[in-house]
Amino acid sequence: FEIIESEEYPENALVTINPNCKNKETAIIFRDSYTGVMLPFLSLHFQKVIYIGEHTVDMKMIENYKPDVVMALSVERYLPALIK
């Protein structure tokens with residue numbers, strides 16, 4: 001996989017592309033810093049992953065990018081921010 005840069009995405013986003021992945025789905029992942037260690041694993045299993053460095057799910061981003069999979073990954077102490 002490779003990390004791409006584009007002005008299409010928010011400043012706090014990291015986007016990976018894996019053209020060799022058989023799974024052609026796009027995932028958007030709202031994450032904290034601890035999710036960084038999962039980046040190599042997740043990026044190998046989706047053709048495109050948009051990692052958003054926020055603790056809360058942004059419905060406007062989901063509507064804008066129309067991903068196949070949405071994940072909210074964070075450590076336990078940030079759970080209250082996810083349920084707002």
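The following exercises, each with a worked solution, concern the predicted model shown above.

Residues are numbered from 1 along each chain as its sequence is written. In this predicted model, local features need pLDDT of at least 70, side-chain atom pairs count only at pLDDT 80 or more, and totals for chains, interfaces and linings use all residues, while side-chain values use heavy atoms, with hydrogens and water left out.

**Exercise 1. The chain as a whole**

Task: State how many helices and strands the chain has, and describe its overall dimensions.

Solution.

Step 1. Helices (H or I, at least four residues) and strands (E, at least two) are DSSP runs, numbered from the N terminus. The chain contains three helices and five strands. Along the sequence they follow the pattern β-β-β-α-β-α-β-α.

Step 2. The radius of gyration is 12 Å, close to the 12 Å that the globule rule gives for 84 residues, so the chain is as compact as a globular protein of that length. Here the radius is taken over C-alpha atoms, and the globule rule is 2.2 Å times the number of residues to the power 0.38.

Step 3. Along the principal axes, the C-alpha atoms fill a box of roughly 35 × 25 × 20 Å.

Step 4. Buried residues (under 20% relative accessible area; exposed means over 50%, and partly exposed in between, with a 1.4 Å probe and protein chains only) make up 31% of the 84 residues.

Step 5. Of the contacts (heavy atoms within 4.5 Å) in the chain with a separation of 6 or more, 63% join residues 24 or more positions apart.

**Exercise 2. The sheet**

Task: Determine the order of the strands in the sheet and the sense in which they pair.

Solution.

Step 1. Strands of a sheet pair through backbone hydrogen bonds, either parallel or antiparallel. Two strands count as paired if DSSP finds at least two bridges between them.

Step 2. The five strands form an open sheet in the order S1-S2-S4-S3-S5, with mixed pairing. Strand S1 (2-4) and strand S5 (69-73) are the edge strands, each pairing on one side only.

Step 3. S1 pairs with strand S2 (residues 13-17) in the antiparallel sense over three bridges. Within this pair, Ile3 has Thr16 of S2 as its bridge partner.

Step 4. S2 and S4 also run antiparallel, joined by five bridges. Thr16 has Val49 of S4 as its bridge partner.

Step 5. S3 and S4, by contrast, pair in the parallel sense over five bridges. Val49 in S4 is the bridge partner of Ala27.

Step 6. Four of the five residues of S4 are buried, and this strand is therefore mostly covered.

**Exercise 3. The nonpolar cores**

Task: Identify the residues of the largest nonpolar core and the elements that supply them.

Solution.

Step 1. A nonpolar core is a set of buried Ala, Val, Leu, Ile, Met, Phe, Trp, Tyr and Cys residues joined through side-chain atoms within 4.5 Å.

Step 2. The largest such core has nine residues: Tyr9, Val15, Ile28, Phe30, Ile50, Ile52, Met61, Ile62 and Tyr65.

Step 3. At least two residues of this core come from each of strand S3 (26-31), strand S4 (48-52) and helix H2 (59-65). H2 gives the most, with three residues.

Step 4. Apart from this core lies another, of eight residues, among them Ala27, Ile29, Leu42 and Tyr51.

Step 5. For one member of the largest core, Ile52, the contacts beyond four places in sequence are Pro10, Asn12, Ala13, Ile28, Ile29, Phe30, Arg31 and Met61.

**Exercise 4. Three individual residues**

Task: Decide whether Thr16, Ser43 and Cys21 are buried or exposed, and describe their surroundings.

Solution.

Step 1. Thr16 lies in strand S2 and counts as buried because its relative accessibility is 0%. Beyond four places in sequence, Thr16 touches several residues, including Phe1, Leu39, Ser43 and Tyr51.

Step 2. Ser43 belongs to helix H1 (residues 39-44). Its relative accessibility is 0%, so Ser43 is buried. With residues up to four places away left out, Ser43 touches Phe1, Thr16, Asn18, Val49 and Tyr51.

Step 3. Cys21 is placed in the loop between S2 and S3. At 7% relative accessibility, Cys21 is buried. Its contacts, on the basis of more than four places in sequence, are Leu44, His45, Phe46 and Gln47.

Step 4. Cys21 and Ser33 are twelve residues apart in sequence, and their C-alpha atoms are 25 Å apart in space.
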